[in-house]
Amino acid sequence: MSPLHLSFYSAFVLSGLGLAFHRTHLVSALLCLESMMLSMFVGLTMWPIENQTPSFTMVPIIMLTFSACEAGTGLAILVASTRTHGSDHLHNLNLLQC
């Protein structure tokens, strides 16, 4: 495994661990999701270059558009929860109380 692959995999795993263990604020969860998407984007960008396959060059762009939609939805949820609950703490967001 090259050091480039190791850095992408470790960034993805550390982001996943941050999402799993550091869930106090919605902003921190959104940042962990964005860092996971960023590591996937960089990995998918380097993959066609390493394999010299031009047919997969559109995949990172499509994934980047889904990432932008995910970020916009996350920020909309953040604004809505801050307006209704007064903070972005995840323990305030209980689906059973809605």
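A pocket here is an open set of grid points with protein on both sides within 12 Å along at least five of seven lines, and its lining residues have an atom within 4 Å of a point. With that in hand, here's a quick look at this predicted model: the largest pocket holds about 240 Å³ of space, and both α1 (3-21) and α2 (26-51) supply at least two residues of its lining.

**The largest pocket**
- The lining is made up of H5, F8, Y9, F12, S39, M40, G43, L44, M46, W47 and E50.
- α2 chips in the largest share, with 7 residues.
- Chemically, the lining splits into 7 nonpolar residues, 3 polar ones and 1 charged one.

**Helix α1**
- The 19 residues of α1 should span 27 Å at 1.5 Å a residue, and that agrees with the 26 Å between its end C-alpha atoms.
- F8, S15 and G18 are the buried residues of α1. They sit on the same side of the helix, because they cover an arc of only 95° around the axis.
- Flip to the other side of α1 and you'll find P3, L6, L14 and F21 exposed.
- F8 turns up twice: it's buried in α1, and it also lines the largest pocket.

**Annotated spans**
- An unreviewed UniProt entry puts the feature "transmembrane region" at residues 6-22, 29-49 and 61-80.
- Residues 29-49 come out as 100% helix and 0% strand, with 31 Å between the end C-alpha atoms.
- Residues 61-80 are likewise 100% helix and 0% strand, and their end C-alpha atoms lie 29 Å apart.

Methods. Residues are numbered from 1 along each chain as its sequence is written. This is a predicted model: local features need pLDDT of at least 70, side-chain atom pairs count only at pLDDT 80 or more; totals for chains, interfaces and linings use all residues. Side-chain values use heavy atoms; hydrogens and water are left out. UniProt positions are given in the numbering used here, feature names are shortened, and annotations may be inferred rather than shown by experiment. Helices (H or I, at least four residues) and strands (E, at least two) are DSSP runs, numbered from the N terminus. On a 1 Å grid over the protein atoms alone, a cavity is a set of points where a 1.4 Å probe fits but cannot get out, and a pocket is an open set with protein on both sides within 12 Å along at least five of seven lines; lining residues have an atom within 4 Å of a point. Grid points are joined across faces, edges and corners, and a volume is the space filled by probe spheres set on the points. Ala, Val, Leu, Ile, Met, Phe, Trp, Tyr, Cys and Pro count as nonpolar, Asp, Glu, Lys and Arg as charged, and the others, Gly among them, as polar. The expected span of a helix is 1.5 Å times one less than its number of residues. Buried means under 20% relative accessible area, exposed over 50%, partly exposed in between (1.4 Å probe, protein chains only). The arc is that of the directions from the helix axis to the C-beta atoms.
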